[in-house]
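User: Please take me through this model step by step, with the terms explained as they come up.

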Amino acid sequence: MPRRYDPDRRDRIVEAAVRVVAARGLGALSHRAVAAEADVPLGSTTYHFATLDDLLVEAVRRTTREWLDGLAAWERGLPADAPLADAVADLVAESLAGDRARLELEYELYAAALRRPAVRPVAAECVEEMAAVLGRRTPDAAAARALAALLDGVLLQCLVSGRPFARAEVREAVARLVG
């Protein structure tokens, strides 16, 4: 039987990995689960991704790229004179009001770097790029990194604690950071 030409198979496998984690959590990620989700032979997943960490790295890279592209679009869309504290508080509110499952997935994959050393460079790149985007609106690099940490912390705390979003607190914290 001739081989079927399938140039998008690798991308479909990565998307399937993201769907598996979104639906069942990081612990459910396996070559077998991803192959079933992507409707490809098991050998295809191991051909394109020799290890599960290789596949996880690409899934993290895909989700962080989407988040960072959205963050960059948000920043480009801000008027030059927009008060950053208000804009960031609005961004957090919109993020929490949006697709919560997607936000949870992004943080689950991002947090995979805690236990999976192969994922750490991708997570670190995400943090650096996030700070770079925010740095276009902050007085210096240290403030941009602190703002990125604040943004991550607020989103993560709201997700895990169930505590309602306190716009005024976020606005005040950002104002203190960036002056």
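Analyst: Helices (H or I, at least four residues) and strands (E, at least two) are DSSP runs, numbered from the N terminus. This is a predicted model, in which local features need pLDDT of at least 70 and side-chain atom pairs count only at pLDDT 80 or more, while totals for chains, interfaces and linings use all residues. Residues are numbered from 1 along each chain as its sequence is written, and side-chain values use heavy atoms, with hydrogens and water left out.

User: How many helices and strands does the protein chain have?
Analyst: Read along the sequence, the protein chain follows the pattern α-α-α-α-α-α-α-α-α. Its C-alpha atoms fill a box of roughly 65 × 30 × 25 Å, taken along the principal axes. The secondary structure comes to 9 helices and 0 strands.

User: In which loop does aspartate 39 lie, and is it buried or exposed?
Analyst: Aspartate 39 has a positive phi of about 60 degrees, although it is not a glycine. It is placed in the loop between α2 and α3. Buried means under 20% relative accessible area, exposed over 50% and partly exposed in between, with a 1.4 Å probe and protein chains only. Because its relative accessibility is 69%, aspartate 39 in this loop counts as exposed.

User: What share of the 179 residues of the protein chain counts as buried?
Analyst: Contact means heavy atoms within 4.5 Å, and residues 24 or more positions apart account for 67% of the contacts in the protein chain with a separation of 6 or more. By the accessibility cut-off, the buried share of the 179 residues is 42%.

User: Which two residues touch the most other members of the largest nonpolar core?
Analyst: A nonpolar core is a set of buried Ala, Val, Leu, Ile, Met, Phe, Trp, Tyr and Cys residues joined through side-chain atoms within 4.5 Å. In the largest one, which has 58 residues, the two that touch the most other members are Trp74 and Leu151.  Helices that each supply at least two residues of this core include α1 (9–24), α4 (52–77), α5 (84–97) and α8 (141–161), and the largest share, 10 residues, comes from α4. The two residues asked for are thus Trp74 and Leu151.

User: How do the axes of α4 and α5 cross?
Analyst: The axes are lines fitted to C-alpha atoms, for helices over the stretch in contact, and angles run from 0 to 180 degrees between N-to-C directions. Here the axes of α4 and α5 come within 12 Å and cross at roughly 140 degrees. Angles under 35 degrees count as roughly parallel, over 145 as roughly antiparallel, 65 to 115 as roughly perpendicular and the rest as oblique, so α4 is oblique to α5.

User: Which residues of α4 and α5 meet?
Analyst: By class, the contact has 7 nonpolar, 1 polar and no charged residues, where Ala, Val, Leu, Ile, Met, Phe, Trp, Tyr, Cys and Pro count as nonpolar, Asp, Glu, Lys and Arg as charged, and the others, Gly among them, as polar. The residues that meet are Trp67, Leu71 and Trp74 in α4 with Leu84, Ala87, Val88, Leu91 and Ser95 in α5.

User: How far apart in space are isoleucine 13 and leucine 151?
Analyst: Isoleucine 13 has its place in helix α1 and is buried, with a relative accessible area of 0%. Its contacts, not counting residues up to four places away in sequence, include Val34, Ser44 and Leu55, whereas those of leucine 151, counted with that exclusion, include Trp67, Val88 and Met130. The two residues are 138 apart in sequence, and their C-alpha to C-alpha distance is 31 Å.
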